[in-house]
Number of protein chains: 2
Amino acid sequence: VGEQGILRSLRPYLSRAGGDLIVAAPDDDAAVWRTRAGLQVSTVDTMVEGIDFRPSWPGFHFRLLGRRLMAINLSDLAAMGAQPRDALISLCLPPTLPLESVRDLYRGIAEQGRRFGCAIAGGDISAIEGPLVLTAVLTGMIPAGRRPLRRSGARAGWQIAVTGTLGNAALGLRALERHQVPQRRWVKALLDPEPRVQAGLILSASGVSVAGDISDGLFREVARIAQPVRLGAVIDVAALPIDRRGKGAPGLADLGRSEDFELICAAPPHRVLAAAARMRRDLRLPLTVIGRLTLKSGIRIMEQGKEHQVDVLGYQHFH
Amino acid sequence: VGEQGILRSLRPYLSRAGGDLIVAAPDDDAAVWRTRAGLQVSTVDTMVEGIDFRPSWPGFHFRLLGRRLMAINLSDLAAMGAQPRDALISLCLPPTLPLESVRDLYRGIAEQGRRFGCAIAGGDISAIEGPLVLTAVLTGMIPAGRRPLRRSGARAGWQIAVTGTLGNAALGLRALERHQVPQRRWVKALLDPEPRVQAGLILSASGVSVAGDISDGLFREVARIAQPVRLGAVIDVAALPIDRRGKGAPGLADLGRSEDFELICAAPPHRVLAAAARMRRDLRLPLTVIGRLTLKSGIRIMEQGKEHQVDVLGYQHFH
């Protein structure tokens, strides 16, 4: 039973969207509430030592871990088009962890919070006889007059586009696991990913309505956008914004499991164009068209003129 | 370094109250935000297997564990005088945990949510090579026109009162740890505590402004109310609402470490009287005066006409 399978089997116990609860996770990356102050978005994400990170990784630092904890949650807010407001942090600390490491963790958390205007409003600390566990809960607001970005709602013929560069996190992980010297941008993508908060706000300001983040794998996220609306998608391999500098460019399998914290969106071509122009101008960040949604079902890649079905399952915690 | 010591050393990284952030945890049981929709309260609490519970306890059931996860967080909202709105849940599941247990957990979570009008808005699931870890984040709203209950603000001469009955959770824990047959009300207090949500709302509706929950121990919570305002307190042992039915009534040491999810408040006598009358009428729940705040410093107990200083440290996770 995979993580998705577990969540599916728990669905009867989760509240359905209705009334002021506009979006109930796990349909999207976060829950959305209608309040008199506007639309409020909340998300929770946990990192577990030994599963999500290993202190033995070269380049590992607790400050970066704190930054990453915030980044994965900020990315969930970004994928909804929300402006971060505050964070609550819960840590389970093994008795062997030095206080200095905990302080470094919080230094990273606070640093990332400041960068994105997100207050660290509270914390909880527990002991654990086991691995370090870090949970962050982030709340953000949808700017007035805008709607939250959603996974659902895409239409056939819409373009699919992604921010930034793909595959670096997978290369970083592979290098670390094989005790090879990783390239600096791979380690940065893996250990200190940049949440695309401003890019998410630009997407929604540009009239884009469908988006997600691809931290569970590119193809899986394409499937999450296409399948609920009974569409398929075709991805043009030549168009993928892969960094080919140096040796060891990522392959398609890498893209499938790479924990890149980039945003993906689907929209009519003129909206993608508008968002891309604004992102380039304001953030110097590329928004690259990589494919389109199709009436034909299945997630396919187009490579050298031929279409292949792809295995959409990206990296999963449960196998 | 105790849990409090760690939190103190992290204070520089936590945001200070200011602007729309009215209360920053860990000063109180939760963080409070001013929004155009009113005052919003958020709290996070984590339970760790082996530290906070053991599946080997007689009477243990995953459904009750789910109820307890909600209860400890609902109690934090109750201590602020907030009406629960929604919960986000994060679980770290050991690979050996049967899916049926996870479902039971969620059954308890959903059950408790329904009882208190709290939507289960989303969830996150991670794998862990270690103990089961459960985190809940609850958000609630302060009813219009009221102020959040706070730990700070008490004055000398004010009465100290507690809801319900004290010490049963400690007796339950002691019995379980000694493999004795516990009394039913002890097990209920330990495994399935009742969060005092309605009582918290009555306190604030009655004009009480200072309150907390005593799940970290009675005397410790008295100290948290008295010490920041440079007061002391005297507790009348004869007045403590201890259940003396059957054998093995709890002693003072039990009260110090008992994880009772009762509320404590401090207020002028006429306000305590008003709140007690309303609680008795609407909830059939006693609110018992157990002592008062004094200009004389120190937390003391009055027993058979004599005053003794008490060790305020209740049960702490870190020693």
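# Two sheets and a two-chain contact

Colleague: Where do I start with chain A?

Modeller: Try the open sheet of 6 strands in chain A, ordered β1-β2-β3-β6-β4-β5 with mixed pairing. Two strands count as paired if DSSP finds at least two bridges between them. The helices (H or I, at least four residues) and strands (E, at least two) are DSSP runs, numbered from the N terminus.

Colleague: Which are the edge strands there?

Modeller: β1 (21-23) and β5 of chain A, each pairing on one side only. From one strand to the next, the twist averages 20°. Angles here run from 0 to 180 degrees between N-to-C directions, and axes are lines fitted to C-alpha atoms, for helices over the stretch in contact.

Colleague: Before I go on, what kind of model is this?

Modeller: This is a predicted model: local features need pLDDT of at least 70, side-chain atom pairs count only at pLDDT 80 or more, and totals for chains, interfaces and linings use all residues. Residues are numbered from 1 along each chain as its sequence is written, chains are lettered from A and ligands numbered from 1 in the order in which they are written, and side-chain values use heavy atoms, with hydrogens and water left out.

Colleague: OK, back to the sheet. How many bridges join β2(A) to β3(A)?

Modeller: 5 bridges, and the two strands run antiparallel. In that pairing, A:Ala31 sits opposite A:Ser42 in β3(A).

Colleague: And which strands does α2(A) touch?

Modeller: α2(A) packs on the sheet and touches β1, β2, β3, β4, β5 and β6 of chain A, its direction making about 145° with that of β3(A). Contact means heavy atoms within 4.5 Å. α3(A) packs on the sheet too, touching β4, β5 and β6 of chain A, at about 170° to the direction of β4(A).

Colleague: What does A:Arg67 form a salt bridge with?

Modeller: With A:Glu111, where the closest N and O atoms are 2.6 Å apart. A:Arg67 is in helix α2 (residues 62-80) and A:Glu111 in helix α3, 44 residues apart, so the pair links distant parts of the chain. A salt bridge here is a side-chain nitrogen of Lys or Arg within 4 Å of a carboxyl oxygen of Asp or Glu.

Colleague: Why would such side chains pair at all?

Modeller: Side chains of opposite charge can pair when their charged atoms come close. Over all chains, the search finds 38 salt bridges.

Colleague: How many of those are between chain A and chain B?

Modeller: The count between chain A and chain B is 0. There are 12 residue pairs in polar contact between the two chains, both residues at pLDDT 80 or more. That term means a pair of N or O atoms within 3.5 Å; within protein, one must be able to donate a hydrogen and the other to accept it, and residues adjacent in sequence count only if both atoms are side-chain atoms.

Colleague: What does the side of chain A that touches chain B draw on?

Modeller: Several elements supply at least two residues each, including α1 (3-10), β2 (31-35) and β4 (83-93) of chain A. β5(A) gives the largest share, 9 residues.

Colleague: And what about the area buried between chain A and chain B?

Modeller: About 5100 Å², with carbon and sulfur atoms giving 69%. Buried area is the accessible area (1.4 Å probe) that two parts lose on being put together, summed over both. The contact takes 56 residues from chain A and 55 residues from chain B.

Colleague: Changing topic: what is the order of the sheet with 7 strands?

Modeller: β8-β10-β7-β11-β9-β12-β13 in chain A, an open sheet with mixed pairing. Its edge strands are β8 (210-213) and β13 (306-309).

Colleague: Which residue takes a positive phi in the hairpin of β12(A) and β13(A)?

Modeller: A:Gln304, with phi near 45°, in a hairpin with 2 residues between the strands. β12(A) and β13(A) run antiparallel and are joined by 4 bridges, with A:Ile301 opposite A:His308 in β13(A).
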